[in-house]
Amino acid sequence: MKIKIAPSILSADFGNLASEIQSVAQAGADWIHIDVMDGRFVPNITIGPLIVAAARAATDLPLDVHLMIADPDQYIGAFADAGADVITVHAEACTHLHRSLQMIRDLNKRAGVAINPATPVNAITHVLDVSDLVLIMSVNPGFGGQVFIADALQKIQQTAALIKDRGRDIALEVDGGIDPTTSGQVMAAGADVLVAGSAVFKKDNYQSAIKAIRRGDKDISGRRGNPA
């Protein structure tokens, strides 16, 4: 099974966003991860559907849209229309989580459910049948460049076991502090989609960075943005 690498544009150069997305696509990215923050559910404000639409125009890669927002139901349609392929909502942010996930699937998008570091895995047990992706946060959401929380490894293992028991094709994604040092650990725990922001976009060579994360390497070198 190929591990998917989803660079987060939160760490990209927004003045050259289309070029940045195209560069990581050429460098071997599998998905493009888009972190949406509202200043309410998390202490930061980032982007909305217009940026998702701009990303859609820049690449044919799947757009993995992570809604770190309160009351996500009222915006799911807008992000779907903007070109999202995967839309992930937080269990902590949804009044009726099952309904939110079903809403995403009714729009013919893949539905993801995310849980924060302090949220137990059993919070999502009863929505796995309407989920196409589970996202384990390995940092507290709201900012890029944070340090990986090691306790997430046990949650990844627990979630991987739950997914295996269901016998469904559910992706297991991890977001937060992913770099060549931590990626090997999360892959060994059962993750198959890795979100990486600064570990890709803050490196000189995107291709080397992505390969190193996929391998669990510690050695990244080369020139920024030049997929050698």
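**Entry 1: β4 and β5**

I looked up Val 89 first and found that its bridge partner in β5 is Val 113. The model is a predicted one, and I read every entry here with that in mind. Strand β4 covers residues 86–90 and pairs with β5 in the parallel sense, over five bridges. I then checked how covered β5 is. The strand runs over residues 110–115, and five of its six residues are buried.

**Entry 2: the whole sheet**

I traced the strand order next. The sheet is open, has eight strands and reads β1-β8-β7-β6-β5-β4-β3-β2, with parallel pairing. Which strands stand at the edges? They are β1 (4–7) and β2 (32–37); each has a single partner strand, so one side of each has no neighbour in the sheet. From one strand to the next the twist averages 25°.

I reminded myself that strands of a sheet pair through backbone hydrogen bonds, either parallel or antiparallel.

**Entry 3: β7 and its two neighbours**

I spent some time on β7, residues 171–175. Five of its five residues are buried, so the strand is largely enclosed by the rest of the structure. I sorted its side chains by direction: Ala 171, Glu 173 and Asp 175 point one way, while Leu 172 and Val 174 point the other way. I note that the buried set includes Glu 173 and Asp 175.

In a regular strand the side chains alternate between the two faces of the sheet.

On one pairing, β6 and β7 run parallel and are joined by five bridges. Here Met 137 stands opposite Asp 175. On the other pairing, three bridges join β7 to β8 (residues 193–196), again in parallel. I found Glu 173 opposite Val 193 and Val 174 opposite Leu 194.

I also looked for what lies across β8. Helix α8, residues 206–215, lies across β1 and β8 and runs at about 135° to β1.

**Entry 4: α1 against α2**

I turned to the helix pair α1 (residues 17–26) and α2 (residues 49–58). Their axes come within 9 Å and cross at roughly 50°. That angle makes α1 oblique to α2. The crossing is right-handed.

Which residues of α1 meet α2? I listed Leu 17, Ala 18, Ile 21 and Gln 22 from α1, which meet Ile 51, Ala 55 and Ala 58 in α2. The residues of this contact divide into six nonpolar, one polar and no charged.

**Entry 5: Ser 100**

Is Ser 100 buried or exposed? I found a relative accessibility of 1%, so Ser 100 counts as buried, the cut-off for buried being under 20%. The residue sits in helix α4, residues 97–106. Leaving out residues up to four places away in sequence, Ser 100 touches Asp 73, Ile 76, Val 89 and Cys 94. Val 89 is the residue from my opening entry, where it partners Val 113 in β5.

**Entry 6: Val 127**

I looked up Val 127 in the loop between β5 and β6 (133–137). Val 127 has a relative accessible area of 7% and is buried. Its contacts, with residues up to four places away not counted, are Leu 97, His 98 and Leu 101. I also took the separation of Val 127 and Val 113: they are 14 residues apart along the chain, and their C-alpha atoms are separated by 8.5 Å.

**Entry 7: two positive phi values**

I noted two residues that have a positive phi without being glycine. Asp 71 has a phi of about 50° and sits in the loop between β3 (63–68) and α3 (73–82). Its relative accessible area is 38%, so Asp 71 is partly exposed.

Asn 108 has a phi of about 65° and lies in the loop between α4 and β5. At 71% relative accessibility, Asn 108 counts as exposed, with over 50% as the cut-off.

**Entry 8: Gly 184**

My last look-up was Gly 184, in helix α6 (residues 183–189). The glycine is partly exposed, at 29% relative accessible area. I took its distance to Ala 18, one of the α1 residues that meet α2. Gly 184 and Ala 18 are 166 residues apart in sequence and 30 Å apart in space, C-alpha to C-alpha.

Notes. Residues are numbered from 1 along each chain as its sequence is written. This is a predicted model: local features need pLDDT of at least 70, side-chain atom pairs count only at pLDDT 80 or more; totals for chains, interfaces and linings use all residues. Side-chain values use heavy atoms; hydrogens and water are left out. Two strands pair if DSSP finds at least two bridges between them. Helices (H or I, at least four residues) and strands (E, at least two) are DSSP runs, numbered from the N terminus. Axes are lines fitted to C-alpha atoms, for helices over the stretch in contact, and angles run from 0 to 180 degrees between N-to-C directions. Contact means heavy atoms within 4.5 Å. Angles under 35 degrees count as roughly parallel, over 145 as roughly antiparallel, 65 to 115 as roughly perpendicular and the rest as oblique. A crossing is left-handed if the near helix is turned anticlockwise from the far one by less than a right angle, and right-handed if clockwise. Ala, Val, Leu, Ile, Met, Phe, Trp, Tyr, Cys and Pro count as nonpolar, Asp, Glu, Lys and Arg as charged, and the others, Gly among them, as polar. Buried means under 20% relative accessible area, exposed over 50%, partly exposed in between (1.4 Å probe, protein chains only).
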